[in-house]
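The following exercises practise the reading of a protein model, one step at a time. Please study the sequence and the structure before attempting each task.

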Amino acid sequence: MAKRKFYAVVKGRQPGIYNEWFGNDGAEAQVKGIDQAVFKGFASFADAEAWYRERAGRAPQRIPQNVDLTPVSLAIDPQKALDEGKVVLFSDGGSDGNPGPGGYGVVLRSGSEMRELTGGFARTTNNRMELMGVITGLQALSQPSKVVVYSDSAYVINGMHKGWAERWSKNGWRTTTGPVKNPDLWQQLLELAQGHTIEWVQVPGHAGVKDNERCDRLAVQAAHQPNLPIDQGYRD
């Protein structure tokens, strides 16, 4: 059995990820005495972060100081993509609670130009904001383009890269287990994608990828803005 080195605390005194259990800076101090505390131990930071995102609907704002965040190698290098004349689209999204107030952030690059796009809703979900980020980025393109989309959402990347969304659409937005969630946004994304040649790349979260980190900050800021609009497509 792998030794647990990281502890994800979703409900506690200071939610986040810890690499110690005991001590004032450990996970135990965050959950001891907390009614219905939510936490779990993991062998790797990546697994702890993925579980935290799933349960909390957002990226952890507190991570261990000694976690190695050296930039990782991506399947398609963003600079190489830009040099080849492609548009580079980084996107992230999340919600404060799942559901809860949510936001998305986009960094869009073409040649030497860069744009940042962001927005939020009063009540939505993590996955809806992940989808909205990519949709917003593609909507900003004024002409058919070769695009590389980078996201840390396996939900979005697999849905498009593996053809899941297209199959769901052909099946009337149903699977063998029931209705597909967020069909309104998946339909928008499929229609937008038809106008471009797109490569889909999954990015590990909190791995030192500059534009992905920037998107995360934009999404968090957007989710905490006052007077957020209603997400008309969200259903409890």
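A residue counts as buried when its relative accessible area is under 20%, and as exposed when that area is over 50%. The model used in these exercises is predicted.

**Exercise 1.** Determine whether Asp92 is buried or exposed, and describe its surroundings.

*Solution.*
Step 1. Locate the residue: Asp92 belongs to strand β4, which covers residues 87-95.
Step 2. Apply the cut-off: the relative accessible area of Asp92 is 1%, so this residue is buried.
Step 3. List the contacts: when neighbours within four places in sequence are left aside, Asp92 is in contact with ten residues, among them Arg53, Tyr104, Met129, Glu130, Asp152 and Asp216.

**Exercise 2.** Examine the residues to which UniProt assigns the feature "binding site", and decide how they are arranged in space.

*Solution.*
Step 1. Read the record: an unreviewed UniProt entry places this feature at Asp92, Glu130 and Asp152.
Step 2. Compare sequence with space: the three positions are spread over 61 residues of sequence, but they cluster in space, with a largest C-alpha distance of 8.8 Å.
Step 3. Relate them to the largest pocket: from this group, Glu130 and Asp152 are included in its lining.
Step 4. Turn to a further listing: under "binding site", the unreviewed UniProt entry also gives Asp92 and Asp216.
Step 5. Repeat the comparison: this pair spans 125 residues in sequence, yet the C-alpha atoms are no more than 5.6 Å apart, so the two residues gather at one spot.
Step 6. Place Asp216: it lies in helix α8, residues 210-223, and a relative accessible area of 8% makes it buried.

**Exercise 3.** Describe the position and the contacts of Glu130.

*Solution.*
Step 1. Find its element: Glu130 is part of helix α4, which comprises residues 126-139.
Step 2. Judge its accessibility: with a relative accessible area of 3%, Glu130 is buried.
Step 3. Identify its contacts: residues up to four places away in sequence are not counted, and those touched by Glu130 then include Arg53, Ser91, Asp92, Ser151, Asp152 and Val156.
Step 4. Note a polar atom: one in the side chain of Glu130 lies 3.3 Å from the backbone nitrogen of Gly93.

**Exercise 4.** Characterise the largest pocket: what is its volume, and which residues are closest to its centre?

*Solution.*
Step 1. State the volume: the largest pocket holds about 790 Å³ of space.
Step 2. Consider its lining: there are 33 lining residues, and those closest to the centre are Arg53, Glu54, Asn126, Asn127 and Tyr155.
Step 3. Assign the elements: α2 (45-56), α4, α5 (154-161) and α7 (183-193) each supply at least two lining residues. The largest share, six residues, comes from α2.
Step 4. Sort by character: the lining consists of 12 nonpolar, 10 polar and 11 charged residues.

**Exercise 5.** Which residues does Leu138 contact beyond its neighbours within four places in sequence?

*Solution.*
Step 1. Place the residue: Leu138 is found in helix α4, and its relative accessibility of 1% counts as buried.
Step 2. Name the contacts: they are Leu89, Val147, Leu189, Leu192, His196 and Ile198.
Step 3. Check one pair: Leu138 and Leu192 stand 54 residues apart along the chain, while their C-alpha atoms are separated by 6.6 Å.

Conventions:
Residues numbered from 1 in each chain as written. Predicted model: local features only at pLDDT ≥ 70, side-chain atom pairs only at ≥ 80, totals over all residues. Heavy atoms only, no water. UniProt positions renumbered as here; feature names shortened; annotations may be inferred. 1 Å grid on protein atoms, 1.4 Å probe; cavity = no way out; pocket = protein on both sides within 12 Å on 5 of 7 lines; lining within 4 Å. Helix = DSSP H or I, 4+ residues; strand = E, 2+ residues; numbered from the N terminus. Buried < 20%, exposed > 50% of the residue type's maximum accessible area, 1.4 Å probe, protein only. Contact = heavy atoms within 4.5 Å. Polar contact = N/O pair within 3.5 Å; in protein donor to acceptor, adjacent residues only side chain to side chain. Points joined across faces, edges and corners; volume = space filled by probe spheres on them. Nonpolar A, V, L, I, M, F, W, Y, C, P; charged D, E, K, R; others polar.
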